[in-house]
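Reader: I am new to this structure. Please take me through one part of it, slowly and closely.

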Amino acid sequence: MIDLRSDTVTRPGEAMRAAMASAPVGDDVLGDDPTVIRLEARVAELLGKEDAVYVPSGTMANQIALRVHTRPGDRVVMDGESHIRVHESGAPAALAGVTIAPLETDHGIFTPDQLIDATTQPSPDFPPGLFDPTTLVTMENTHNEKGGTVWGIDSMRSVSAAARDLGLAVHLDGARLWNATAATGVDLDQFAATVDTVNVCFSKGLGAPIGSALVGPRELIDRGRWFKKMYGGGFRQAGIIAAGALYALEHNRDRLVDDHDNARRFAEAAADLDGLTVDLKSVQTNMVFFDVADASLFAERLRSTGVDMLALDPTRIRAVFHLDVSDADTTTAIEVLRAVAASR
Ligand SMILES: Cc1ncc(COP(=O)(O)O)c(C=O)c1O
């Protein structure tokens, strides 16, 4: 089976497993796991921030960020289809107690004016204290639900500048920031410099089995460590998995452009097929979304011919390219797609 459902399906290869098996470990809750300490230092260095905390998931990293930047009752501005809003199981309301002001965007990218509009009181006649205060804005780069689309550095800078003027904190859900860097050539630390905190995931395109990090100023990360423990993220000999993340950081970033090339090749082939619609402008990294009538039946036919994709809704299918999908697999996936499209 060629598994294109997500870039989270990758399995650790021999070399990564060997690095994990031989990792020195301690007790992460007591703060002395040497491999976790090394991973946190390395990711903070790569992103040009003071500190990082290693956590079990991107969801936990994002939710800790919301918690450290806000107080219950605050409002957070983000694209309406942000992972934080639609795929984190209601956590913003349940854990940080915040409301979300969702913005409508084409590719997940919003403008400073949209941010300013979302934080402006409807009328100056209302006295202070009548509305929930906005204290945080988040961006997602690359944007999952919009097809792996990229925030360019200039767009991030201008939204962050507007946020600063409004006195807001800025968090970046950079689960796939590695892909944004691979696609644009803009270094990780340049993206990170525009925001206060960043979530980065090791378990997606980088191919590590588990884990993410929240990266930012030491004071916030120290506070984040408290919430990590509170949310049940204290994992003891976590060096075993941190070693996989360290391995992925050093070995699997440069090859992400190959996934982007495969996604582009697949998208262009899909766009040529009758009955399929692809927004080629949104194919910017490792994901391809296409529209078909009856997506779940179409996905079922693909699956029965050896290519697994995810039907996201009644008319939309997602294919994601990653470490375990070779150029030859991509060619096979294109052939299967053509055959299934022709058989309808
Ligand atoms: C953009 C984005 N942020 C956060 C997450 C959450 O990561 P996790 O599944 O590790 O909780 C994901 C997961 O796919 C994601 O795509």
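Reader: I would like to look at the place where domain 1 and domain 2 meet. How many salt bridges are there between domain 1 and domain 2?

Author: Zero salt bridges are counted between domain 1 and domain 2. Keep in mind that this is a predicted model. Start with the two parts themselves. The domain assignment places domain 1 at 14-251. It places domain 2 at 255-342. Their C-alpha centres lie 28 Å apart. The contact draws 17 residues from domain 1 and 13 residues from domain 2.

Now the area. Together the two domains bury about 1300 Å² between them. Carbon and sulfur atoms hold 58% of that buried area. On the domain 1 side, look for H107, G147 and N179. These three supply 31% of the area that domain 1 buries against domain 2. That is more than any other three residues supply.

Salt bridges are absent here, but polar contacts are not: four residue pairs between the domains are in polar contact, with both residues at pLDDT 80 or more. The side of domain 1 that touches domain 2 has a mixed make-up. Nine of its residues are polar, five are nonpolar and three are charged.

One more stop is the ligand. Residues around the ligand include S57, G58, N62, H83, E88, E140, N144 and R176. T59, D173 and K204 are also around the ligand. An N or O atom in the T59 side chain is 2.6 Å from an oxygen atom of the ligand. For D173, a side-chain N or O atom is 2.7 Å from a ligand nitrogen atom. For K204, a side-chain N or O atom is 2.9 Å from a ligand oxygen atom. On its own the ligand has 390 Å² of accessible area, and the protein covers 84% of that.

Methods
Residues are numbered from 1 along each chain as its sequence is written. This is a predicted model: local features need pLDDT of at least 70, side-chain atom pairs count only at pLDDT 80 or more; totals for chains, interfaces and linings use all residues. Side-chain values use heavy atoms; hydrogens and water are left out. Domain bounds come from an automatic or database domain assignment. Contact means heavy atoms within 4.5 Å. Buried area is the accessible area (1.4 Å probe) that two parts lose on being put together, summed over both. A salt bridge is a side-chain nitrogen of Lys or Arg within 4 Å of a carboxyl oxygen of Asp or Glu. A polar contact is a pair of N or O atoms within 3.5 Å; within protein, one must be able to donate a hydrogen and the other to accept it, and residues adjacent in sequence count only if both atoms are side-chain atoms. Ala, Val, Leu, Ile, Met, Phe, Trp, Tyr, Cys and Pro count as nonpolar, Asp, Glu, Lys and Arg as charged, and the others, Gly among them, as polar. A residue is near a molecule or strand if one of its heavy atoms lies within 4 Å of it. Accessible areas come from the Shrake-Rupley method with a 1.4 Å probe; for residues, only the protein chains shown count as cover.
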